[in-house]
Amino acid sequence: MENNTKKNTFSSQFGFVMAAAGSAVGVGNLWRFPYLAAKDGGGLFLVVYLALVVTFGFTLLVSDIAIGRKTKKSAIYAYAEMSEKWKFLGVATFLVPVLIMTYYAVIGGWITKYLTVYLTGEVQAAAEDGYFTSFITSPVSSVIFALFFMGLTALIVYHGVEKGIEKVSKFIMPMLLVMVVGIAVFSLTLSNTDAAGVTRNGIQGLKFYLMPSLEGVTVQRFLQILLDAMSQLFFSLSVSMGIMITYGSYVKPEVNLNKSVNQIEFFDTGVAFLSGMMIIPAVYVFSGTDGMSAGPSLMFVSLPKVFHAMGNAGILVGMLFFLTAAFATLTSCISVLESIVANCMALFHASRKKVTLVLTAIYMAISAVIALGYSVFYMEVNLPNGTVGQLLDIMDYISNSVMMPFIAFFSCILIGWIIGPKWISDEMESSGHVFKRKKLYNVMIKYIAPVLMLILAVDCKMKLNT
Ligand code: PHE
């Protein structure tokens, strides 16, 4: 085991930041952030989110990465090293990617399917009502794409930290950034007159996105915006699920973690913001505010209609958009599989190659089952948040809405009150750099973050009862 962990390191700070940003930037940035911003008063949501990034997100990200680098272990053994009694929290943390992995490759498969649609120029077909539904309910094609995506992810993880994950992330992430900026700028140049004779342009769409709308904001509504922003932040930064602990364990001792954390947050938040800029004005121009839907339907139903309405340019823009989305999802999927592989290598004292192969076989089978959750294994389950879900939504609900807030809360208690924040801040300074936001970190981890987590948990419970 010692040998295995020693061989696994990122070669440079840049490599680490790109891999971590690769994990953080995913469908959360592309389909959840823009929707929430549109729903929660535009600029108001952006300001709240930004304030949380530099306080709350910063605290959770610092904690995960520092735990990883200090212990040089993945979640299960990292928590055991912090306190033998708290090993249970490491096990719970390990279970989050175990659950996420069951469905992430399925979503990756959907995106790959749409990429092939635009590569073959079927813009019109993709814009038709029912196209997405007929694809996910087809028992063959949805499974094939999920298996392909799972296989691609596994191939990269199989090649290891430096030659697999780091190499791919260093190539993909800068390209992703260029494409997001390009599409966002293009979005602002759009203009369209609808059947009723109303003309809307991209700049008006941008205003809709950026202007803080304070209309009808009550204390309760503000609290809701705060909670939306907070749960989005968790998911978006890939914190409290052991992934950043695993990646942190691969960082060399001389790397300045303060700088790395800032860069990861900047990258993740920047791409989220730019995603809003590419999606909201485009949807606004062609569909008004009605097209702003949440989750998969934004990406697979509303946007294909927008691309179709763009005419020929839509083929290229659609292709670039789904390529961006595929890149974002691939690097996130890699991080999920990697953290399971790392934990299993330590648990079973086995080699990376062996563990990766076994896990790939298992997850290919599970991904197929989840993909078939819209056809052969279709079911309707009422989830506590009031939505009706299939297999994929159930896995997503348990991992993100139930387990992550629970893990974050107890991690704050463990660090803030049992082993003490100094354990973390020492690691932040171990490379000889100053931990500038040490005081903020201490206050956040001991008092504010646990209270915020409790509010989030109570809110979930209230939704459960209503
Ligand atoms: N952080 C990713 C996003 O914003 C989501 C993700 C969750 C990635 C869990 C990996 C693991 O979309």
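Student: How many cavities of 30 Å³ or more does a search of the whole structure find?

Tutor: Rolling a probe the size of a water molecule over the atoms shows where empty space is left. In this predicted model, where local features need pLDDT of at least 70, side-chain atom pairs count only at pLDDT 80 or more and totals for linings use all residues, the search finds four such cavities. Residues are numbered from 1 along each chain, and side-chain values use heavy atoms, without hydrogens and water. A cavity is a set of points, on a 1 Å grid over the protein atoms alone, where a 1.4 Å probe fits but cannot get out, and lining residues have an atom within 4 Å of a point.

Student: Which cavity is the space taken by the ligand?

Tutor: The ligand occupies the second largest cavity, in the sense that more than half of its atoms lie within 2 Å of the grid points. About 140 Å³ of space lies in this cavity, and 16 residues line the cavity, those closest to its centre being Ser 23, Tyr 104, Phe 235, Ser 238 and Ser 332. Helices H2 (13-24), H3 (27-39), H6 (87-119), H12 (219-237) and H16 (312-348) each supply at least two residues of that lining; helices here are DSSP runs (H or I) of at least four residues.

Student: Which atoms of Asn 29, Phe 235 and Ser 236 lie by the ligand?

Tutor: A polar contact is a pair of N or O atoms within 3.5 Å. A side-chain N or O atom of Asn 29 is 3.1 Å from an oxygen atom of the ligand, whereas backbone N or O atoms of Phe 235, at 2.8 Å, and of Ser 236, at 3.1 Å, each lie by a nitrogen atom of the ligand.

Terms used. On a 1 Å grid over the protein atoms alone, a cavity is a set of points where a 1.4 Å probe fits but cannot get out, and a pocket is an open set with protein on both sides within 12 Å along at least five of seven lines; lining residues have an atom within 4 Å of a point. Grid points are joined across faces, edges and corners, and a volume is the space filled by probe spheres set on the points. A polar contact is a pair of N or O atoms within 3.5 Å; within protein, one must be able to donate a hydrogen and the other to accept it, and residues adjacent in sequence count only if both atoms are side-chain atoms.
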